[in-house]
Amino acid sequence: MSTAYEALLRHVVWPAYEGGLRRRATPRYMRAYEREQWLAPERIEALRLERLRALIDWCWREVPYYRRRWTELGMQPGDIRSLDDFARLPVLTKADIRANADDLEATSLKAGLGYKTTGGSTGEPLRFGFTRESNDRRVAVMWRGYGWAGSRMGRRTLFLWGGAVGQTSTAHRMKDRLYNAVFARHLLDSFHMSEHNLAGYADAIDAYRPEVIVGYVGPLVRLAEWLLATGRRVARPVSIIGAAEALHPFQRDLIERAFGAPTYNTYGCREFMLIAAECEHRDGLHVNADHLLVETLVDGRPVHQGSGEVTITDLFNRGMPFIRYVTGDMATHATHRCACGRGLPLLASVDGRTLDAIRTPAGHMLPGEFFPHMMKDVPGVTRFQLVQRRLDRLDLSIVRGPGFDEASVDYIRREVGKALGDSAQLQCHFVDDIPLTRSGKLRVTVSELAS
């Protein structure tokens, strides 16, 4: 795909469709975020605080949950004059959201909210509301961050990603095909990857000849291992972007040796989309601090050195604001500035977000991301964990909530069967609770097999 097409798509076709026909503000937000990334760190911090205080004022007027909680603590919006003041506000957990979902929605915006469900990467699927503005802004931020790794709009991009789970309509499939054609995207379903079909994935890469590959880290690593073991070479992309799982240095090295291309780390989640990403220097992940406030906490207090629990505040989702939302992830702030000149702060690393891959006697290697991706669509699941102790058996523990029934079990068995066939027996266990790890997290997909 030529750079001429990229320019036509980004500057003419897409703005006319997105901003004109669909009346979305995404093109305008993209231009604003492109400018803001180059502001000095002090200016970005001031802009973030200004947006944060406006959000807090809004929540006090419009969101019953926050007004009640802050009143109980004897706090009002005027008390929040700095980030130190902000750190006195309580965190927001998934349990808080489930228990107070209606009161977390802004009174005047309820009728116009859209809704999404998280994949439950911490084992707890969650339904949340969002405004059109916040969604448009998230898309703009995503394009900016992926652009740092060379993933420009209209550039040939192959996604080694999770395919659709369940039945999709013909209209939906047609829409996806049209979208992928216009944006020069091609999807390879990583959920079907096994040790016996890796050559097919390599063939597909050669056939499409992507300039950029975006993929779950686990499948990228497995394919890289196979390429190195067999000596197979594939069409060399300009860059590779790892997503959905932590990218460790040894994994980056494997991928780069196999594909011959620089590999970039990203950090995101469904609640906020892209949170942070590496730029061309790959010296830490730039936090989208003009869009989100990312804190790391130890014993409930913000820290700027060492690993801490991530909490995030979305500065623009006023429909169902998440203020100091506990993601369940761990991360470490960087103490240096990037040589690229962007004023956006850095995370040195995202810690403890690895989902174990599942293997079977038939040679399947299913990325752990499959299970949160699949379970998000099962009604009535409060929490879950998949553990593999033997090659031929999977144990799925489920904490059931309202709406879970036999149809839910049938759906789970059917979708796992599609991915793994009859090569591993699935045992479902209904439990009252699932214990956390010593670090306070729930590992969603756990393989106890020797690597």
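**Note on the predicted model: salt bridges, spaces and backbone**

1. Arginine 138 is buried, with a relative accessible area of 1% (buried means under 20%, exposed over 50% and partly exposed in between, with a 1.4 Å probe and protein chains only). The model is predicted: local features need pLDDT of at least 70 and side-chain atom pairs count only at pLDDT 80 or more, whereas totals for chains, interfaces and linings use all residues. Residues are numbered from 1 along each chain as its sequence is written, and side-chain values use heavy atoms, with hydrogens and water left out.

2. Which residue forms a salt bridge with arginine 138? The partner is aspartate 314, and the closest N and O atoms of the pair are 2.9 Å apart (a salt bridge is a side-chain nitrogen of Lys or Arg within 4 Å of a carboxyl oxygen of Asp or Glu). Distant parts of the chain are linked by this pair, since arginine 138 belongs to helix H7 (residues 132-148) and aspartate 314 to strand E12, 176 residues apart (helices, H or I of at least four residues, and strands, E of at least two, are DSSP runs numbered from the N terminus). Aspartate 314 is also buried, its relative accessible area being 0%. Both ends of this salt bridge are therefore buried.

3. A second salt bridge joins the side chains of glutamate 211 and arginine 155, at 3.3 Å from N to O. This pair, too, links distant parts of the chain: glutamate 211 is in the loop between helix H9 (198-208) and strand E5 (212-216), and arginine 155 is in the loop between H7 and strand E3 (157-161), 56 residues apart. With 10% relative accessibility, arginine 155 counts as buried.

4. Arginine 342 and glutamate 280 meet through their side chains in a salt bridge of 3.4 Å, N to O. Arginine 342 lies in the loop between E13 and strand E14 (346-351), and glutamate 280 in the loop between strand E8 (273-278) and strand E9 (285-287), so the pair ties together parts that are 62 residues apart in sequence. Are the two residues buried or exposed? Arginine 342 counts as buried at 6% relative accessibility, whereas glutamate 280 is partly exposed, with a relative accessible area of 40%.

5. How many salt bridges does a search of the whole structure find? The search finds 28. Elsewhere, Arg389, Arg393, Asp395 and Glu448 are linked in a network of salt bridges.

6. The search of the whole structure finds one cavity of 30 Å³ or more. The largest cavity has a volume of about 40 Å³ (on a 1 Å grid over the protein atoms alone, a cavity is a set of points where a 1.4 Å probe fits but cannot get out, and lining residues have an atom within 4 Å of a point; points are joined across faces, edges and corners, and the volume is the space filled by probe spheres set on them). Tyr65, Tyr66, Arg69, Trp70, Pro90, Val91, Leu92 and Ile323 line the largest cavity. By class, this lining has seven nonpolar residues, no polar residue and one charged residue (Ala, Val, Leu, Ile, Met, Phe, Trp, Tyr, Cys and Pro count as nonpolar, Asp, Glu, Lys and Arg as charged, and the others, Gly among them, as polar).

7. One of the residues in the lining of the largest cavity, isoleucine 323, is placed in the loop between strand E12 (307-314) and strand E13 (325-333). Isoleucine 323 is buried, at a relative accessible area of 1%. Its C-alpha atom is separated by 9.5 Å from that of cysteine 59, although the two residues are 264 residues apart along the chain.

8. Where in the model does a residue other than glycine have a positive phi? One such residue is arginine 23, with a phi of about 55°. Arginine 23 lies in the loop between H1 and helix H2 (26-36), and it is exposed, with a relative accessible area of 69%. Another is arginine 209, whose phi is near 50°. Arginine 209 is located in the loop between H9 and E5 and counts as exposed at 55% relative accessibility.

9. Leucine 8 is part of helix H1 (residues 3-21). The side of the cut-offs on which leucine 8 falls is partly exposed, its relative accessible area being 42%.

Note on methods. 1 Å grid on protein atoms, 1.4 Å probe; cavity = no way out; pocket = protein on both sides within 12 Å on 5 of 7 lines; lining within 4 Å.
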